[in-house]
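Visitor: I would like a close look at a single part of this model. Please take the strand I point to and work outward from there.

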Amino acid sequence: MTEVIKENNPESIQKAASVLREGGIIIYPTETLYGIGALAINEESVKRIFDIKERFYGKPIPILVKDREMFSQFVEVTDEASKLIDRFLPGPLTLVLMQKRSLPEIISAGTRKVAVRISNRPFVRRLFELISEPLTSTSANISGEENLFNFDEIYGTFKGRVDLIVDSGNLPPSKGSTVIDLTVKPPRIVREGDISTGALKEFVKV
């Protein structure tokens with residue numbers, strides 16, 4: 001049974017946090033796409049996300065953190081990363097960095113490279129006031145298929161498969177977050193999203 005709650009419902013944040021703490025799976029809005037969320041430290045919940053998305057287990061899964069402090073708790077923040085965090089985060093930029101604190105191996109697919117960002121979506125910011133661990137941030141779609149922006153399509157695809165859907169209506173088109181791997185030299189753009197490669201070149205050599 002999948003519960004749906006409007007984002008502007010005063011109880012939406014508390015409800016989402018409660019589902020996450022109980023090991024459940026939520027779909028929630030970010031500044032780019034709807035994401036599928038579980039507490040990243042809960043391996044069984046993260047495995048459910050792979051099954052729900054029909055995602056290959058050898059593919060890493062990105063996470064959201066509350067702020068720079070939580071960022072530095074879980075990954076090694078390099079000088080390059082620090083510059084990008086100062087300029088672009090919170091926002092649609094995901095940094096791939098070496099893992100620092102223990103996470104389920106499935107998050108990094110055994111590579112110890114973790115894709116991390118800080119969201120500027122008010123819902124997510126408020127949610128982190130109630131949860132103290134990273135949140136998975138993979139897009140709410142079936143792996144390999146197009147991104148979904150229409151809420152009816154989100155609901156039709158995931159009803160009965162997740163525990164809670166936070167309804168923010170139809171989201172505007174987005175290419176998702178830009179992903180940059182800072183564990184290699186020179187840094188590599190894994191995916192160009194809403195932040196252009198050109199904008200990043202002012203801060204790192206890509």
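The request and a connected answer follow.

Visitor: Take strand S3, residues 34-37. Which strands pair with S3, what covers its faces, and which pocket lining does it help to supply?

Guide: A caution comes before the details. This is a predicted model.

Start with the sheet. Five strands form an open sheet in the order S1-S9-S2-S3-S8. The pairing is mixed. S1 (3-6) and S8 (138-139) are the edge strands, and each pairs on one side only. S3 sits between S2 and S8 in that order.

Take the S2 side. S2 and S3 run antiparallel and are joined by four bridges. Pro29 faces Tyr34 of S3 across this pairing. The link in the chain is a hairpin, and four residues carry it from S2 to S3.

Now the S8 side. Here two bridges make the join, and S3 and S8 again run antiparallel. Gly35 stands opposite Ser139 of S8.

Next, the faces. S3 is covered on both. Tyr34 and Ile36 are buried on one side. Gly35 and Gly37 are buried on the other. Buried means under 20% relative accessible area, so these four residues all fall below that cut-off.

Two helices touch S3. Helix H1 (residues 12-21) lies across S1, S2 (26-29), S3 and S9 (164-167). H1 runs at about 145° to S1. Helix H7 (residues 151-158) also packs on the sheet, touching S1, S2, S3 and S9. The direction of H7 makes about 175° with that of S9.

S3 also leads to the largest pocket. S3 supplies at least two residues of the lining. So much is also true of S4 (63-64), S5, S6 (113-117), S8, S10 and S11 (188-191). S6 gives the most, with four residues. The lining has 36 residues, and Arg55, Lys59, Pro62, Val179 and Arg191 lie nearest the centre of the pocket. By class, the lining holds twelve nonpolar, 14 polar and ten charged residues. The space in this pocket is about 780 Å³.

Follow the lining strands outward. S5 (93-98) and S10 (178-181) have a second role. Together with H3 and helix H8 (197-201), they are among the elements that cover the buried residues of H4. Those buried residues of H4 (residues 79-88) are Glu80, Ala81, Ser82, Leu84, Ile85 and Phe88.

Some backbone details lie in the loops that lead to these strands. Most residues other than glycine have a negative phi, and most peptide bonds are trans. Four places depart from that pattern, and they can be taken in chain order.

Glu54 comes up in the loop between helix H2 (43-53) and S4. Its phi is positive, about 55°, although Glu54 is not a glycine. Glu54 counts as exposed because its relative accessible area is 51%, and the cut-off is over 50%.

Pro90 lies in the loop between H4 and S5. The peptide bond from Leu89 to Pro90 is cis, with omega near 5°.

Arg112 is in the loop between helix H5 (105-108) and S6. Its phi is near 65°, again positive in a residue other than glycine. Arg112 is partly exposed because its relative accessible area is 43%.

Pro186 belongs to the loop between S10 and S11. A cis peptide bond joins Lys185 to Pro186, and omega is about -5°.

One distance gives a sense of scale. Glu69 and Pro186 are 117 residues apart in sequence. In space they are 26 Å apart, C-alpha to C-alpha. Glu69 lies in helix H3 (residues 68-74). Glu69 counts as exposed because its relative accessibility is 54%.

Back to the strand you asked about. S3 is joined by bridges to S2 and to S8. Both of its faces are covered. S3 also supplies at least two residues of the lining of the largest pocket.

Technical notes
Residues are numbered from 1 along each chain as its sequence is written. This is a predicted model: local features need pLDDT of at least 70, side-chain atom pairs count only at pLDDT 80 or more; totals for chains, interfaces and linings use all residues. Side-chain values use heavy atoms; hydrogens and water are left out. Two strands pair if DSSP finds at least two bridges between them. Contact means heavy atoms within 4.5 Å. Axes are lines fitted to C-alpha atoms, for helices over the stretch in contact, and angles run from 0 to 180 degrees between N-to-C directions. Buried means under 20% relative accessible area, exposed over 50%, partly exposed in between (1.4 Å probe, protein chains only). On a 1 Å grid over the protein atoms alone, a cavity is a set of points where a 1.4 Å probe fits but cannot get out, and a pocket is an open set with protein on both sides within 12 Å along at least five of seven lines; lining residues have an atom within 4 Å of a point. Grid points are joined across faces, edges and corners, and a volume is the space filled by probe spheres set on the points. Ala, Val, Leu, Ile, Met, Phe, Trp, Tyr, Cys and Pro count as nonpolar, Asp, Glu, Lys and Arg as charged, and the others, Gly among them, as polar.
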